[in-house]
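Here is a quick tour of one structure, from its core out to a few odd spots in the backbone. Keep the viewer open and click along as you read.

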Amino acid sequence: MSKPLAIALPVAFAVLASLSEAPRAADQPPAIPPCPSDAAKPDVVALIKRIDRLLTGRSSVVVMTMSITTPSWRGTLKLKVWAEGKDYALIRVLDSGPRETGMMTLKREKQLWNYLPQAGRVMKLPSGMLGDAWMGSDFTNDDLVRGTSIVSDFDTKVTGTLTHDGRKAWRLVLVPRPRAVVVWGKVEMIVDRASCVPLLERFYDEDGKLARTMSLGDIRAIGWRRFPARMAVKPQDARRETVVTWEEIRFDIDVPDDTFSLHRLQRGR
């Protein structure tokens, strides 16, 4: 399985990670330009910055459902995620099978730990496991570690306009900058012109072959934001799919200082 880009998860786990910025009220928009809905060729730098701000916040607390479908298995996990900046996140499995319920994953900068409730212990993930699937999904442990930025790691251009699912949209092409640590050769993004929210993302490998597709929908108003509350990820070469649905979303809130501590993880709560 190809290692996905962190955009694929802020759009899931990395959507929940955020830009470090000064505290502000949850319903107060930051100083970013308005969505240039009427522009066929918008200022691409301003557009990408707006998309980044729409999908992220100073901090967030989210409850989501992740459904995983493969040819031989189907599973559902209910998760709660606390995040602060791009470097700190805590994920707890609220409901799933008896082995998974209560499991927790802690991200602190470039390191990951898992809490295993059945064993009552904490395990640090070695680098050799970063490419493994997280909880059997189409996301890897590496997704939780990477802090890829669509603003600083890619050169982006608007290549045209189109209609997608009845919505007027732009087509954007993102190419990694030479020194960026990115696993994709190219990313294509379809962006809704009315809300500046991504509707579809296609990820290509370094040989130009389509590797995976991510569809976004159920766009909701959350404070000043428009946010896609459903995301489906399908690898190109596999008959499987992971669907993430956000049930509760709160941005730019105060998170207790010990949320991302190893001591809390070791207590298992």
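## The nonpolar cores

In this predicted model, the largest nonpolar core has 49 residues, and the ones touching the most other members are I51, L79, L172, M231 and W246. Alongside it there is a second, separate core of 11 residues, with L90, L106, Y115 and I253 among them.

L172 is a good one to click on. Not counting neighbours within four places in sequence, L172 is in contact with L47, I48, T156, K157, V158, V187, E188, M189 and V191. Keep E188 in mind from that list, since E188 is also part of a network of salt bridges.

## Salt bridges

There are 10 salt bridges in the structure. Start with R58 and D254, whose closest N and O atoms are 4.0 Å apart. R58 sits in the loop between α2 (44–55) and β1 (59–69), and D254 in the loop between β13 (241–251) and α4 (262–267), so this pair ties together parts that are 196 residues apart in sequence. The two ends have quite distinct surroundings: R58 has a relative accessible area of 13%, so it counts as buried, while D254 is at 69% and therefore counts as exposed.

Next up are D138 and R240, whose side chains meet in a salt bridge at 2.6 Å, N to O. This pair also links distant parts of the chain, 102 residues apart: D138 is in the loop between β6 (121–124) and α3 (141–145), and R240 is in the loop between β12 (225–235) and β13. Here both D138 and R240 are buried.

And now back to E188. What does R202 form with E188? A salt bridge, with the closest N and O atoms 3.0 Å apart. R202 belongs to strand β10 (residues 198–204) and E188 to strand β9 (residues 186–192), so the pair ties together parts 14 residues apart in sequence. R202 counts as partly exposed at 26% relative accessibility, whereas E188, at 11%, counts as buried. R171 joins in too: R171, E188 and R202 are linked in a network of salt bridges.

## The largest pocket

Now for the empty space. Rolling a probe the size of a water molecule over the atoms shows where such space is left. The largest pocket holds about 280 Å³. It is lined by 15 residues, and those closest to its centre are R99, E100, M103, M135 and G136.

Which strand gives the most to this lining? Strand β2 (residues 74–84) does, with 3 residues. By class, the lining of the largest pocket splits into 7 nonpolar, 6 polar and 2 charged residues.

## The second largest cavity

The second largest cavity has a volume of about 30 Å³. Its lining is made up of I91, R92, V93, M103, M104, T105, N114, W134 and M135. You may recognise M103 and M135, which are also among the residues closest to the centre of the largest pocket.

By class, this cavity lining has 6 nonpolar, 2 polar and 1 charged residues. Both β3 (88–95) and β4 (104–108) supply at least two lining residues each, and β3 gives the most, with 3. T105, one of the lining residues, is in strand β4 and is buried, at a relative accessible area of 4%. T105 and W134 are 29 residues apart in sequence, and their C-alpha atoms are 9.7 Å apart in space.

## Out in a loop

K41 is in the loop between α1 (13–16) and α2, and at 78% relative accessibility K41 counts as exposed. Now find W170: K41 and W170 are 129 residues apart in sequence, yet 8.5 Å apart in space, C-alpha to C-alpha.

## Two unusual backbone angles

Most residues other than glycine have a negative phi. D218 has a positive one, near 50 degrees. D218 lies in strand β11 (residues 210–222) and is partly exposed, with a relative accessible area of 42%.

D252 also has a positive phi, about 55 degrees, although it is not a glycine. Is D252 buried or exposed? With a relative accessible area of 5%, D252 is buried. D252 is found in the loop between β13 and α4, and D254 of the R58 salt bridge lies in that loop as well.

Technical notes
Residues numbered from 1 in each chain as written. Predicted model: local features only at pLDDT ≥ 70, side-chain atom pairs only at ≥ 80, totals over all residues. Heavy atoms only, no water. 1 Å grid on protein atoms, 1.4 Å probe; cavity = no way out; pocket = protein on both sides within 12 Å on 5 of 7 lines; lining within 4 Å. Points joined across faces, edges and corners; volume = space filled by probe spheres on them. Helix = DSSP H or I, 4+ residues; strand = E, 2+ residues; numbered from the N terminus. Nonpolar A, V, L, I, M, F, W, Y, C, P; charged D, E, K, R; others polar. Core = buried A, V, L, I, M, F, W, Y, C linked by side-chain atoms within 4.5 Å. Buried < 20%, exposed > 50% of the residue type's maximum accessible area, 1.4 Å probe, protein only. Contact = heavy atoms within 4.5 Å.
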